[in-house]
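Q: Please take a close look at a single part of this structure, and then describe the surroundings into which that part is set.

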Amino acid sequence: MAVPFIDLRRFEDGFLERWARTCQEVSENTRFVGGPGVAQLEEELARRCQVPEVVACANGTDALQLALRALGVGGGDRVLIPDATFWATFEAVVNCSAQPVTVDISGDDLQLDLDLLEKGLDEFRPAAVILVHLYGWGSARLDEIRELCRSKRVPLVEDGAQGFGVEWRGRSLYQGATISTISFYPAKVLGACGDAGAVCCSSPELAGRVRRLGNHGRGGHYDHPDVGWNSRMGGFEAAFLNLSLEFFEERIASRRRIASQYRERLADLDLPTCAPPEGYRENGYLNVCLPDPARKTSLTTALKSRGIGFGEVYPGSMSQQSGAQRWLAGRLGGEVAQRLSRSVVNLPLFAYMRENELDEVLDAVATGLRS
Ligand SMILES: Cc1ncc(COP(=O)(O)O)c(C=O)c1O
């Protein structure tokens, strides 16, 4: 039996019928950009993320650019970013005319290394830091990282593209951040019917700047006190997200269940995995296996031969990308990120994955590890 890496079609009973009715309503009301659906979504996201205000936008990459721009990051500034993340984090810095400096990750939680960050703050005097919450959890040292940046007066942007639904010490991961971002790319834990994103803001002033930048720097309709761009969320995306949020608790519970079953059963197969640090409740975004690189090929060959999808999130660090070289202003370490990229394999994990699909994947893993 083939098992896809992710199956976006596992809708709940009645979901598609309700979505069809919602499409009809949005079409009849012609609320194609912004409108009450977007306002409703922003309010609900602020409640769930436990933050004062959320601004909806076009995608998670724009959300990062809006956050950086709202903090005043611009030409020639340096921004520290983790060496293990998705390329969008790097791009967001460059697209703001700033220069990325990569900082290695910690081998314990695979998130930004606090000690190297401290070194980077002194050495590079950055205008901002981007902390990425990778894989469906965050740094074991999140509070210390926030405190360090606060004490050095360097704004911290938290790239929470993958983090929707994650809890840190019983609260939303986004709570306590100065500014953080979310991606609603369809494959995310909360996915839209197209590209969409959001910025979580710790004050109405910051939210006002983000909102203005994402709407052509507008003060009034034809009054432009700032230069921004168009990063507004569409009405269909907002309506799809509003509907999906009604089912979110079931979806995340299903993902969390599968994520922990994987961890238990892969330990029996002697395959190392990475788990969220103490204090986190993960959202089940990704399974993270860390086989010895020498065994990776036999593992992935067995998965391929059985028609089982898998990911390698991510197969190269940021500072290794050919596109990085002309923009990098510096790098601190990078060996841990490179070791991760040589090893990492992600097994299928999605809401409502079936027990027999999990069995099938684990059987293929066992075969791959034996050969
Ligand atoms: C860590 C990280 N940052 C940023 C993004 C960009 O989000 P989007 O694809 O919505 O632009 C992603 C999306 O995959 C991501 O995983």
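A: Ile179 of β8 stands opposite Cys201 in β9. Strand β8 (residues 179-183) and strand β9 (residues 197-201) run antiparallel and are joined by 5 bridges; strands (E, at least two residues) and helices (H or I, at least four) are DSSP runs, numbered from the N terminus. The model is predicted, so local features need pLDDT of at least 70 and side-chain atom pairs count only at pLDDT 80 or more, while totals for chains, interfaces and linings use all residues. Residues are numbered from 1 along each chain as its sequence is written.

Strand β8 also runs parallel to β5 (residues 156-159), to which 3 bridges join it; two strands pair if DSSP finds at least two bridges between them. Ile179 is the bridge partner of Val157, and Ser180 is that of Glu158.

Of the 5 residues of β8, 5 are buried, that is, 20 or more other C-beta atoms, placed from the backbone, lie within 10 Å of their own (exposed: 12 or fewer; partly exposed: in between). In a regular strand the side chains alternate between the two faces of the sheet. In β8, Ile179, Thr181 and Ser183 point one way, and Ser180 and Ile182 point the other way.

The sheet as a whole is open and has 8 strands with mixed pairing, in the order β1-β9-β8-β5-β4-β2-β3-β11. Its edges are β1 (53-57) and β11 (330-332); each has a single partner strand, so one side of each lacks a neighbour in the sheet. From one strand to the next, the twist averages 20°.

Helix α4 (87-95) lies across β2, β3, β4 (128-132) and β5, and runs at about 175° to β2. Axes are lines fitted to C-alpha atoms, for helices over the stretch in contact, and angles run from 0 to 180 degrees between N-to-C directions.

Helices α5 (residues 114-124) and α6 (residues 142-151) have axes 11 Å apart and pack at an angle of about 10°. The two are therefore roughly parallel, a term for angles under 35 degrees. Leu114, Leu117 and Glu118 of α5 meet Glu144, Ile145 and Leu148 of α6, where contact requires C-beta atoms, placed from the backbone, within 7 Å. These contact residues comprise 4 nonpolar, no polar and 2 charged. Ala, Val, Leu, Ile, Met, Phe, Trp, Tyr, Cys and Pro count as nonpolar, Asp, Glu, Lys and Arg as charged, and the others, Gly among them, as polar.

Helix α3 (residues 60-70) is largely enclosed by the rest of the structure, because 11 of its 11 residues are buried. Among them are Asp62, Gln65 and Arg69. Gly72, which follows α3, has a positive phi, near 90°.

The domain assignment divides the protein chain into domain 1 (15-245) and domain 2 (248-370); such bounds come from an automatic or database domain assignment. Their C-alpha centres lie 24 Å apart, and 41 residues of domain 1 contact 33 residues of domain 2. On the side of domain 1 that touches domain 2, at least two residues each come from β2 (78-82), α4, β3 (99-103), α5, β6 (167-168) and α8 (235-245). Strand β3 gives the largest share of that side, 5 residues. The residues of this side of domain 1 divide into 22 nonpolar, 12 polar and 7 charged.

Key. Angles under 35 degrees count as roughly parallel, over 145 as roughly antiparallel, 65 to 115 as roughly perpendicular and the rest as oblique. Two residues are in contact if their C-beta atoms, placed from the backbone, lie within 7 Å.
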